[in-house]
Amino acid sequence: MSAQSGGPLRFGIIGTGGMGAAHAREIAARDDAEVVAACDINQAAIDRFLERVPTLKQRDIARFTDVAALAGSGLCDAVVIATPHTQHDEHIRLCLDAGLHVLCEKPMATTAAGARASIAAAERNGKVLAIAYQRHGTPLYRRAHEVVQSGEIGDIRLVTVLIAQDCLDIFSDPTRTWRADPTMSGGGHFMDTGSHINDMMLFVSGLAPEQVFANFDNYGTLVDVITALSIRFTNGACGTFAATSLSHEPWREEFSFYGSDGVLNIRDGKVTLHKKGHDTRFLRGSGRESRPVANFIQAIKGEIPEPQAGPVYGLRVAQITEAAYKSARSGQPERVG
Ligand SMILES: NC(=O)c1ccc[n+]([C@@H]2O[C@H](COP(=O)([O-])OP(=O)(O)OC[C@H]3O[C@@H](n4cnc5c(N)ncnc54)[C@H](O)[C@@H]3O)[C@@H](O)[C@H]2O)c1
């Protein structure tokens with residue numbers, strides 16, 4: 001039964017690795033959606049996917065090795081794209097132009113032009129395009145965004161951001177993983193986890209990047225694994241972004257937003273607000289987490305006006321990442337495209 005006839009939304013999963021399986025499990029657990037097709041260039045990956053999502057193993061789902069074939073099959077109403085980064089914008093457009101709604105994993109695109117073309121395809125086809133930036137749906141980051149956007153800390157003049165992880169191994173060997181191959185990944189740690197951190201820096205602050213100066217260290221790999229970025233935003237505010245995959249702590253994720261009237265910090269899963277002459281306030285998020293799949297389905301059904309992480313966030317991140325890699329090559333500050 002199709003979604004048009006009142007049945008569940010029919011999903012195809014494109015890229016059936018770790019994240020494809022994670023999203024498929026959430027879809028398969030719902031009454032209003034089902035996974036009907038899987039696409040991967042590697043048949044063994046589809047076999048593993050069916051093992052990882054056990055409820056699908058009993059079903060007769062269609063298997064594809066070519067994205068265009070799945071998109072044109074008429075079997076799906078929507079897709080989840082979880083392929084390597086440099087393929088995302090092409091896969092997005094193929095699916096939107098075939099009349100499908102698209103939830104794409106981060107980053108939406110590795111270039112600003114690719115991001116803009118995907119936004120245009122969503123508008124042209126009147127379909128939902130959402131990015132699986134899960135932090136947009138977490139109460140903590142939503143609260144930080146609301147407080148900053150309410151004007152409580154005034155005009156933001158400085159943003160500092162750090163992401164430190166112990167994950168060098170996933171960028172070390174291109175024969176083992178596409179993440180270590182820049183033609184597939186588009187970049188290393190900055191393009192990968194850095195995509196989430198760039199996105200949150202922009203989502204919470206509401207700022208748009210204008211110019212970027214970047215230093216990257218590949219540490220003997222083919223991709224960046226250590227990053228130091230200096231950013232100027234369109235309102236004249238400054239930003240610094242530091243990232244390392246070569247940390248001895250498992251995970252550190254920190255943001256500070258310095259405004260004319262206060263400072264908001266996000267550290268170790270806590271949001272604090274400091275204002276001169278006032279006690280430090282610990283802010284709690286309220287409400288439930290809204291997961292990317294659930295939120296995407298709400299947007300398709302028209303229950304919400306737009307997805308929580310719409311394509312403009314994908315564009316902003318693509319602008320910053322593209323300018324950063326350009327700056328690292330030129331040795332000069334580069335304006336975003
Ligand atoms: N939101 C998050 O927190 C989060 C976490 C991990 C990964 N991700 C993102 O999810 C995406 C996938 O990452 P992963 O860890 O699942 O990778 P993965 O290597 O586990 O899976 C990727 C799959 O894509 C397949 N593939 C490659 N080219 C293809 C093509 N042209 N057509 C169809 N299939 C193709 C590969 O064979 C592989 O099975 C990436 O964009 C990554 O950044 C997001």
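Within strand β4 (78-81), Val79 stands opposite Gly12. Helices and strands here are DSSP runs numbered from the N terminus, a helix being H or I over at least four residues and a strand E over at least two. The model is predicted, so local features need pLDDT of at least 70 and side-chain atom pairs count only at pLDDT 80 or more, while totals for chains, interfaces and linings use all residues. Residue numbers start from 1 along each chain as its sequence is written.

A good place to begin the tour is β4 and its neighbours. β4 pairs with β1 in the parallel sense over 4 bridges, where pairing requires that DSSP finds at least two bridges between two strands. Another 4 bridges join β4 to β5, again in parallel, and here Val80 has Leu103 of β5 as its bridge partner. Both faces of β4 are covered, with Ala78 and Val80 buried on one side and Val79 and Ile81 buried on the other. A residue is called buried if 20 or more other C-beta atoms lie within 10 Å of its own, exposed if 12 or fewer do, and partly exposed in between, with C-beta atoms placed from the backbone.

Helix α5 joins this picture, as β4, α5 and β5 make a right-handed β-α-β unit. Right-handed means that, with the strands pointing away from the viewer, the path from the first strand over the helix to the second runs clockwise. Of the 10 residues of α5 (residues 88-97), 8 are buried, so this helix is largely enclosed by the rest of the structure. Among them are His88, Asp89, Ile92 and Leu96. The buried residues of α5 pack against β1 (9-14), α4 (67-71), β4, β5 (101-104), α6 and β6 (129-131); contact means that the C-beta atoms of two residues, placed from the backbone, lie within 7 Å. After α5 comes Gly99, with a positive phi near 85°.

Helix α6 (residues 112-125) holds Ala117. Ala117 is partly exposed, with 15 other C-beta atoms within 10 Å. Leaving aside residues up to four places away in sequence, Ala117 touches Asp89 and Arg93.

What does α6 give to the side of domain 1 that touches domain 2? The protein is divided into domain 1 (3-134) and domain 2 (135-287 + 310-335), with bounds from an automatic or database domain assignment. Their centres, taken over C-alpha atoms, are separated by 27 Å. The contact takes 21 residues from domain 1 and 23 residues from domain 2. On the domain 1 side, the largest share, 7 residues, comes from α6.

Further along the chain, strand β13 (residues 270-274) has one covered face, Val271 and Leu273, and an uncovered one, Lys270, Thr272 and His274. β13 runs antiparallel to strand β12 (residues 263-267), joined by 5 bridges, and Val271 stands opposite Ile266. The two strands form a hairpin with 2 residues between them, and Asp268 in the turn has a positive phi of about 50°. β13 also runs antiparallel to strand β14 (residues 281-283), over 3 bridges, with Leu283 as the bridge partner of Val271 in β14.

Finally, the ligand is surrounded by 23 residues, the closest being Gly15, Gly17, Met19, Ala45 and Glu105; a residue is near if its C-beta atom, placed from the backbone, lies within 6 Å. Helix α1 (residues 18-28) gives the most to this shell, with 3 residues.
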